[in-house]
Structure formats: structure tokens, C-alpha cells
Amino acid sequence: MKPCPQLWFLGNMVMMVLLSQPVLARSEAAKDFYVSPRGSDSNPGTKAKPFATLQRARDAIRGARRNGPLPIGGISVWVRAGNYPLSHTLKLTAEDSGTPEAPIVYRAYPGEEVRLTGGKQVTGFVPVTDETILQRIDSLYRGKILQVNLKAQGITDFGRLSPRGFGMPPQPSALEVFFQDRPMTLARWPNQGFVKIVTVPDAGTIVDIHAPGSKAGRLTYAEDRPKRWGEKPEDVWLHGYWRYDWADSYVKVESIDAQKREIVIQAPQSTYGYAPGQTYYYLNVLEELDQPGEWCLDRRSGILYFWPPASLEQGKVSVSLLNEPLVSPQEASYLTLQGFILENTRGNGVEIKGGSHNLIAGCTLRNLGNLAVAVQGGTQHGVLSCDIYETGDGGVRLEGGDRGTLTPAGHYARNNHIHHFSRWCRTYQPALQITGVGNLATHNLIHDAPHNAIQLTGNDHLIELNEIHHVCLETQDVGAFYLGRNWTERGNRVRHNFFHHIGEVGRDVRGVYLDDCASGTMVFGNIFYRVTRAVIIGGGRDNQIKNNIFVQCDPALRLDERCMGTKEVWRGIVYGEMKRSLEEVQTQQALYNSRYPELVGVYKYYEEKSGVPPEGNSIVQNISFGGTWLLDHPDYKVDQTLFGIRDNLIDQDPGFVDAPHMNFQLKQDSPAFKLGFEPIPREKIGLYKDEHRKQLLK
């Protein structure tokens, strides 16, 4: 009997998760080292005489390896309470590896707070007395703003504000300011929200939504506010959604003509240019330091100006200094980082490259310039039971697996609470970005973000038992879950997740967004509550929308056949980028056709050059109640018979156990069961208690 690809995938995923668990049981032979801020690197690293740094403990483990095999049960580095400033990345290489029987575990001492920080505390704030500066600050606020000379405290590397965002190379953040363990706001105007571009000189006529706007780098505005900033304001930046509400970036001002109300922008320009009516705000403007929590830095003098949101006696002020990740295992294996707070770096919190079976467990990663954890290559690395928030970009990136051989990596993000991310780059910096083959995201709680929550590329990934709410808060044409524009990225499953309170009437926000002909995806057993446009099939093929519950969604489903579109833009996508996706796996075509037999049906349409219809989809055994069931895209009407729509329970009371309290489990006499509906394990969705997560949110 021919093996079932789905069972093969699930079986392998279960096995990978089991194998990826670190060996935490400790034998009598296991060895311990200790680290304390009150220790010394000349000590032997015992509990009574600990080391002072993690680097010294790492080197002690290297010495132990050179003297013979690691002890059964491995080595633990117990790190006592305190702050551990890192002026350089803690690098761990192959020689720092453990083994399955002897893992290496760096762990915070139980019950103690241990911080690995890329920043430095700043003290000595005094009131501003320089009349030149006071004249630039609104008289209402002058007595509330303090200053400190960073250079006098040995801080001279301020980094630099850089063009960053959609379509631009990743950049570490410049120096940031934190108070009471929260990021403060670089002085901006307006304080909340955006202003709009009035005109874009030299833009010409924009006739198509996909046509670029002006890249001349000139725009006009309506407000008088810039007149307050002097004739030649310096180092002023703009952050905006310059052409689309799903592509943001930072650009630097070359000049402002306050009389003409015109801005000239330095190169590089935003990826898609600029268009009238789009939104932006100004930042890094000393004159706009006008509310608690704002700050601004004079990079020439090194003086930091800050309006603390509370008395300085109620918290500490710190600044980020490190331009690198705090911890970086490279080609290392069987390492665990457990129970730490990682904070205040300008780059990533943890960066893992190559190796296998490394684990970040029970850590808090916050106030970071880029990502919390970035995994690149290797196999079976995990991020487990971590709290991640206030990252400059996204949360966790899992990249691994071989698309040439469809070999899974087995990386996983499980039981993590990820929220308030994408502080700097606001689009396409999700909580979980998963690429490659055979990776897993399960039991995560994700909320409060401007753009998407989970973004997928590749094959055979499993997205399961996650709770996602209040994302896509600032953007449009966006999905909480996103996958798109590749015929060959198949075998992905979105199963038993709870999407709720996403989008609102009048906003182009989706729950599961199978964009631009995404194909071969299973969306099974999910709950969608108060999600606008809960699931969209954007012209793709062979997608299965089965056994889901849609409550007060508008609509539950939207369908289109965009890959048959005759407009030049769509023919360009289908016969350009989409065709290249087939050509990329041409040498592995037999493997792909065997694993995903439905893929064979695509090729003939490229011979005919008549567009590719959305065949092979099925929409079966779903429940839709209290909203709209199904809509066509207004521009791409479809033949609904192509979508296999049957056995769905529409606008009939399904018999929820307790809908007012979001308990959408079904009573035993629900009419949905007669249609073959399978119970959804709502009680298993989201975070759970384990040795790292002792308490759950109420």
C-alpha cells in the first residue's frame, strides 16, 4: 500500500519533537559550574567560589572537554542573580557542544533574576539649563526635561539611524533608551498616529494599484508644525506607509522648505516610491520632545535629553550599546539557555546558525533592536516557553530544512507568549517567521502587533494549537497568518488554532491569507471569532478548508481566480514569479510530483498560456454562524463549483456550549456532527504549564 504523505509528515514531526527534547535528567557524574557578579574569573567556578562571567564558564567547559569525554548527565552552568553586561556576543561553537547523553545547560539559578544585557545604566541626569536648547523646547515642558552627557559616562558609540523597513536590508537599531524596563519613544510628531502626504511632485498619473509611486523623493504637506524646527532642522527622519498600507520604511530628510511645505528626502527612497494620501510621521526632532517618555540625542555633543514618565527614583534608565546578538551558538549542538532575561541589544537576542538540538527555554527576551531569536540552518532547534515582547522587528525566525530534498529541519517554537513586537519595522516582521521544510509552531499566544502574526514559506510546516488575537492593528491587505505566491510550497497545515478579534468593519484584514495563488494548504479545525475576511483563497489550487468554525466573521470565506486574470500585472506575476517557482524545483520535479501529486495539474496551463484556474480546492464540513458565509472578490469573480463547497452548516444554530465566553465547543446534539464535523480540542489551544511556565494568564 502506498504510504500517505500526510501521515508521513505527521509521524516525522512527532518524532522530531520527541527527539529534540534536551536531556535534563542529571546523574551523579554530571558536573556543575557557577557564575556570580560577586565572583572572579580566577576562581575555580564552584558554588563557593564562582566565576564572574559566562565566557569564563564556557572556557572551563572547553577545558573539561579537552581532558576527556563529557560526564554522563552533562554540565550545568548555574548563573546567580544579577546583571551581566555583554560588550561582545557570547559565542558558542562546535567545541562548546554537548551530546544527547551529556548536554550543556546554561541556566539561571532557581528563583533568581539573571539579566544578560547589551546595555548600560545611565545616571546623573540634571535639568536643562542651556538657553539655546531651552529656546527649542516648548515653554510648557522645559522644567520637565532632563539631560545627561553620555560621553562623560564612557558611551560614545551611538549607532546611527538608518533607512530600514520593507524592501530594505535589515539594520541593527541605533542607541535606544529604556526606563522601568520599557522602551521610551524617540521624540516625534505627531505624538500618535500619522499625517498625510498632500502631493507628490513629479509623480505623474498613478493608474494601477501595483504601479510604483514617485521615487523623486519630494512630497508636500499641509501642516505648519515644521516651521517650529528652524530653517535647517538636522537629522530629521520620517517613518511612513509611503505607497501601500502593508509596506513601511524609514527615510531621512534632506531638507524641509517650511514656506513651500515641501520635503526633499535623501536616497535611498522607499521601495515603492510615494503617493498622495499616504501616511507618515516625523521623528528625532528635539523640538517635539513634548510628552513623558520621549527622548532625543544630540549626537555631536553626546547629550541625551529625556522626559521620564515617572520619578527617576522609581526606575533605572539604560541605553542599548551592543550592535550584535547577545548569544550566538554557531555549529554547536545540544546546548540549552534556560531562565534568563535577555535585553537591551541593538541586534538580535539569540542567533543560532547550524548545529542541532539547541534550546532556548523559559527565557524573557525583550527590548531588543531586531529579533528575539533567529535560527538559520541546522536541525531541531527550539524556542520553548519564552516570553517575547518589545522587539524592534519580529519575534522568532525559524529557517531550516532542504527544499531540494524536502528534508525537514524539525525546528520548533512552542508555548511562547509573543506580544507587542515590530516596534521599529512594522510590516512583515511577524511573531513567527518560518521558512524551509518541516518546522513547527504550536501552543503559542500571539497578540498586539501592527501587521501579521505568522508568516510561512516552504513546505510541510505545521501551525497548530496557537491563539492569535489583536494583530494587524495598523495595516491593510494583511493576514494574521500569511502564505503566498508559490505553486510548490505545499503540505503546510494550519490546524486547531484560535483566531479572534482581528480586523474590523471597513478594514482589509484577514485571518488566514492564502495570497496570490498559494496552494496545497490544509486549514483544518480552526476557530475564527470576530475576524474580518477570516479565510481567503487568493486564486490558489488544492487548498482544503475543512472542519472550521466561523463566528461573526465578515465574511468567513472569500474566493477569487486572480491567476486567470487578464490584467498585465497578473499575467506578469503568473508567467514571471509564479513560473519561476516551478522552475526552481525543476531538477527535483519527480520528488515534488510524488509528494504532491496535485502539483502535476499546474504544468499544462503554462503550455496553454491561458492562466491557471483555482482547481482542486475543497470547502467542506465548516460551521458559519452570525456573520457572512462566502463572498467573491469584487474584481475576480469565480466559478464556485471549482471549490468543492459541500456539507457546511450555514446560519443554523450549531449549539455552542458557551458562546458569550468564547467557548465554541459543540453540544452533543449539534447538527454539525451529522455532517461529519469533528470536535476541536479548544481546551488544548494556547499556552500550557510546564517547568518553565509556572503560571498562565488569567
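Me: In strand β11, which residue is the bridge partner of F178?

Reply: In this predicted model, F178 has P183 as its bridge partner in β11. The pair belongs to an antiparallel match between β10 (residues 177–179) and β11, joined by 2 bridges.

Me: Into what sheet do β10 and β11 fit, and in what order do its strands stand?

Reply: The order is β7-β22-β10-β11, an open sheet of 4 strands with antiparallel pairing. Its edges are β7 (119–122) and β11 (182–183); each has a single partner strand, so one side of each is left without a neighbour in the sheet.

Me: Which sheet has mixed pairing, and how many strands form it?

Reply: An open sheet of 5 strands, in the order β8-β9-β21-β20-β12, has mixed pairing. The edge strands there are β8 (126–127) and β12 (185–186), each pairing on one side only. Within this sheet, β20 (residues 294–298) and β21 (residues 303–306) are antiparallel and share 4 bridges. One of the positions to inspect is L297, whose bridge partner in β21 is L304.

Me: How should I read a β-α-β unit, and which elements make one here?

Reply: One follows the chain from a strand, over a helix, to a second strand, and notes the hand of the crossover. Here β1, helix α2 (residues 54–66) and β2 make a right-handed unit. The strands β1 (residues 31–35) and β2 (residues 75–79) run parallel and are joined by 5 bridges. V35 stands opposite V79 of β2.

Me: What does the helix α2 pack against, and which of its residues are buried?

Reply: An α-helix has 3.6 residues a turn, so residues three or four places apart point the same way. In α2, the buried residues are L54, A57, R58, A60, I61, R62 and G63. These buried residues pack against β1, β2, β3 (82–85), β4 (90–92), β5 (104–108) and β6 (114–117). As for its length, α2 has 13 residues and reaches 19 Å from first to last C-alpha, close to the 18 Å expected. Just after the helix, G68 takes a positive phi of about 150°.

Me: Which residues have the most contacts inside the largest nonpolar core?

Reply: In soluble globular proteins, nonpolar side chains tend to be buried together. The largest nonpolar core in this model has 87 residues, and F340, L342, L365, I446, F481, F499 and F528 have the most contacts inside it. Another core, of 25 residues, lies apart from it and includes L146, V148, L186 and W237. To examine one member of the largest core, take F528: leaving aside neighbours within four places in sequence, its contacts include F499, V512, V523, I549 and F550.

Me: Is G511 buried or exposed, and which residues does it touch?

Reply: G511, in strand β44, is buried, with a relative accessible area of 0%. Not counting residues up to four places away in sequence, G511 touches G479, A480, F481, F499, V531, T532, R533 and A534.

Me: Which cysteines form a disulfide, and why does C296 not form a bond?

Reply: The test is the distance between sulfur atoms, with a cut-off of 2.5 Å. The count is 1 disulfide, which joins C517 to C563 with an S to S distance of 1.4 Å. The two cysteines are 46 residues apart and link distant parts of the chain: C517 is in the loop between β44 and β45, and C563 is in the loop between β50 and α4. Both are buried, and the link is right-handed, with 100° about the S-S bond. For C296, the closest cysteine sulfur, in C425, is 20 Å away, too far for a bond. For C425, the closest is in C472 at 17 Å, also too far for a bond.

Me: Where are the cis peptide bonds of P190 and P555 placed?

Reply: One inspects omega for the bond that precedes the proline. The bond from W189 to P190 is cis, with omega near -10°, and P190 is in the loop between β13 and β14. A cis bond also joins D554 and P555, with omega about 0°; P555 is in the loop between β49 and β50.

Me: What phi does S385 take, although it is not a glycine?

Reply: S385 has a positive phi of about 55°. S385 lies in the loop between β30 and β31 and is buried, at 3% relative accessible area. L465 has a positive phi of about 60°, is found in the loop between β39 and β40, and is buried at 10%.

Technical notes:
Residues numbered from 1 in each chain as written. Predicted model: local features only at pLDDT ≥ 70, side-chain atom pairs only at ≥ 80, totals over all residues. Heavy atoms only, no water. Pairing = 2+ DSSP bridges. Right-handed = clockwise from strand over helix to strand, strands pointing away. Buried < 20%, exposed > 50% of the residue type's maximum accessible area, 1.4 Å probe, protein only. Expected span 1.5 Å × (residues − 1). Contact = heavy atoms within 4.5 Å. Core = buried A, V, L, I, M, F, W, Y, C linked by side-chain atoms within 4.5 Å.
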